[in-house]
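Reader: I would like to learn how to read a structure feature by feature. Please take me through one.

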Amino acid sequence: MTTEFSKFDRAAMQRALELAALGVATAHPNPRVGCVIAKRERIVGEGWHQRTGGPHAEVLALQAAGNAAAGATAYVTFEPCSHHGRTPPCANALIEARVARVVYAVGDPNPRVNGQGAEALRQAGISVQSGLMEAEATELNAGFIKRMQRGRPWLRVKSAMSLDGRTALANGASQWITGEEARNDVQRWRARSSAIVTGVGTVLADNPRLNVRTPENASQPLRVVMDSLLRTPPNSRLFDIAGDVLISTTADFAAPETIARAAALEKRGARIECMSRTPRTDLNAMLARLAELEVNEALVEAGPTLSGEFVRQSLADELLVYVAPKLMGPQARPLFDLPVLENLTDAQQFEIVDAQTLGGDLRLRLRPRVRP
């Protein structure tokens, strides 16, 4: 049976989603959640999950509402939790506040919740409805949901290219293809990511920091280097700033030179892990490991070889492509290294989900098109 929601219900949930989005760069590894408490179609309390370990959205909204929460409706973008994690259960807080009704957008796929929060509310005599603006809430928490359901993070591959699909000149020069506004936009995508993934080739060629340089971001994402032979220099700029660096390798740790290189990197603060039992890097194993580390969204910033491998293996959930209105010629480096195709029907297809002009450049967000 289809649940009917009023115009005010939709407006209140829209406001809750706006609040949830405020935690886009700070809530992880938890979901981004917003809550609105309303009584007689008047908002009496608001809250959003600001940071892991801090109060959840429902608790903050209830605190703001005070005694007015009794008999009110709580609009929550995610199913209220029912377990003791870093904080007490939100379902209990709603019950103790004596709200009359709870409307939530999407169920929590966490096995420790997954319907139990809603059931606890119903058992307490609270009217519970779900599904209001579910698509919007799912989009906001695509990474958390995928980690819980599939055991891997949402993977976003970022690239900047010219009109003819080139990312660097033949000599490797690539700074800067795009303008300042596009580069500032990249900082926002880094900030919302739990991890940034690159290859050792990019580290050797560009010596990047891969850090977030937005003033509102208090923490740095995990920086992951795919380095099968452990060639990352200990003096890399990756180690010049705060934050964790994880090096994924397949190097032979029985070799003395490998032991020495590993010791030098660990001295700089790197964490080194062997994520494959074969000499070839196992990207699936790497993604599974990132999920174990509670990474919800991972941003790949790498060269055409590693980026192309994520695309070739159909591991990229989304492409983030910045297009500069310039031509670099046929000798410049391509966007992705992909196998040669014999038939155009074999080409991987994507659909544009968003297009935005940033200064003089164009940003495209694309997702794999599901074949019929």
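Author: What follows covers helices, cores, a cavity, backbone angles and a few single residues. Keep in mind that this is a predicted model.

Reader: Start with helix H1. How far apart should its ends be?

Author: Helix H1 covers residues 7-21, which is 15 residues. At 1.5 Å a residue the expected span is 21 Å, and the end C-alpha atoms are 21 Å apart, so the two agree.

Reader: Which residues of H1 are buried?

Author: First the general idea. An α-helix has 3.6 residues a turn, so residues three or four places apart point the same way. Now the case here. The buried residues of H1 are Phe8, Asp9, Ala12, Met13, Ala16, Leu17, Leu19 and Ala20.

Reader: What do those buried residues pack against?

Author: Four strands and a helix. The strands are S1 (34-38), S2 (43-48), S3 (73-78) and S4 (101-106). The helix is H5 (134-140).

Reader: How should I read a nonpolar core?

Author: In soluble globular proteins, nonpolar side chains tend to be buried together. In this model the largest nonpolar core has 42 residues. Met13, Ile37, Leu62, Tyr75 and Val99 have the most contacts inside that core.

Reader: Which elements each supply at least two residues of this core?

Author: The helices are H1, H2 (57-65), H3 (90-96), H4 (116-123) and H6. The strands are S1, S3 and S4. H1 gives the largest share, 6 residues. There is also a second, separate core of 30 residues, which includes Val157, Val295, Leu315 and Leu319.

Reader: Take Ile37. What is in contact with Ile37, leaving aside neighbours within four places in sequence?

Author: Arg42, Ile43, Val44 and Gly45 are among the contacts. So are Ala61, Leu62 and Ala65. Ala69, Ala72, Thr73 and Ala74 complete the list for Ile37.

Reader: Next, empty space. How many cavities of 30 Å³ or more are there?

Author: Rolling a probe the size of a water molecule over the atoms shows where empty space is left. Here the count is 1 cavity of 30 Å³ or more. The largest cavity holds about 70 Å³ of space. It is lined by 13 residues, and the closest to its centre are Asn30, Arg32, Asn141, Phe144 and Asn296.

Reader: What is the lining made of, by class?

Author: The lining of the largest cavity has 4 nonpolar, 6 polar and 3 charged residues. Helix H6 (residues 142-150) gives the most to this lining, with 3 residues.

Reader: Now the backbone. Which peptide bond is cis?

Author: The bond from His28 to Pro29 is cis, with omega near 10°. Pro29 sits in the loop between H1 and S1.

Reader: What about phi? Where do Arg40 and Leu230 stand?

Author: Both are non-glycine residues with positive phi. For Arg40, phi is about 50°. For Leu230, phi is near 60°. Arg40 is in the loop between S1 and S2, while Leu230 is in the loop between S9 and S10.

Reader: Is Arg40 buried or exposed? And Leu230, buried or exposed?

Author: The cut-offs are under 20% for buried and over 50% for exposed. Arg40 has 74% relative accessibility, so Arg40 counts as exposed. Leu230 has 0%, so Leu230 counts as buried.

Reader: Which residues of helix H11 are buried?

Author: H11 (residues 304-312) is mostly covered, with 7 of its 9 residues buried. They are Pro304, Leu306, Ser307, Gly308, Glu309, Phe310 and Val311. Just after H11, Ser314 takes a positive phi of about 55°.

Reader: Where is Lys158, and why does Lys158 count as buried?

Author: Lys158 is in strand S6 (residues 154-162). Its relative accessible area is 17%, so Lys158 counts as buried. Beyond neighbours within four places in sequence, Lys158 is in contact with Val186, Leu299, Val300, Glu301, Leu320 and Tyr322.

Reader: Finish with Asp244. Where is Asp244, and what does Asp244 touch?

Author: Asp244 is in the loop between strand S9 (222-226) and strand S10 (245-249). Its relative accessible area is 49%, so Asp244 is partly exposed. Not counting residues up to four places away in sequence, Asp244 touches Pro221, Leu222 and Arg223.

Note on methods
Residues numbered from 1 in each chain as written. Predicted model: local features only at pLDDT ≥ 70, side-chain atom pairs only at ≥ 80, totals over all residues. Heavy atoms only, no water. Expected span 1.5 Å × (residues − 1). Buried < 20%, exposed > 50% of the residue type's maximum accessible area, 1.4 Å probe, protein only. Contact = heavy atoms within 4.5 Å. 1 Å grid on protein atoms, 1.4 Å probe; cavity = no way out; pocket = protein on both sides within 12 Å on 5 of 7 lines; lining within 4 Å. Points joined across faces, edges and corners; volume = space filled by probe spheres on them. Nonpolar A, V, L, I, M, F, W, Y, C, P; charged D, E, K, R; others polar. Core = buried A, V, L, I, M, F, W, Y, C linked by side-chain atoms within 4.5 Å.
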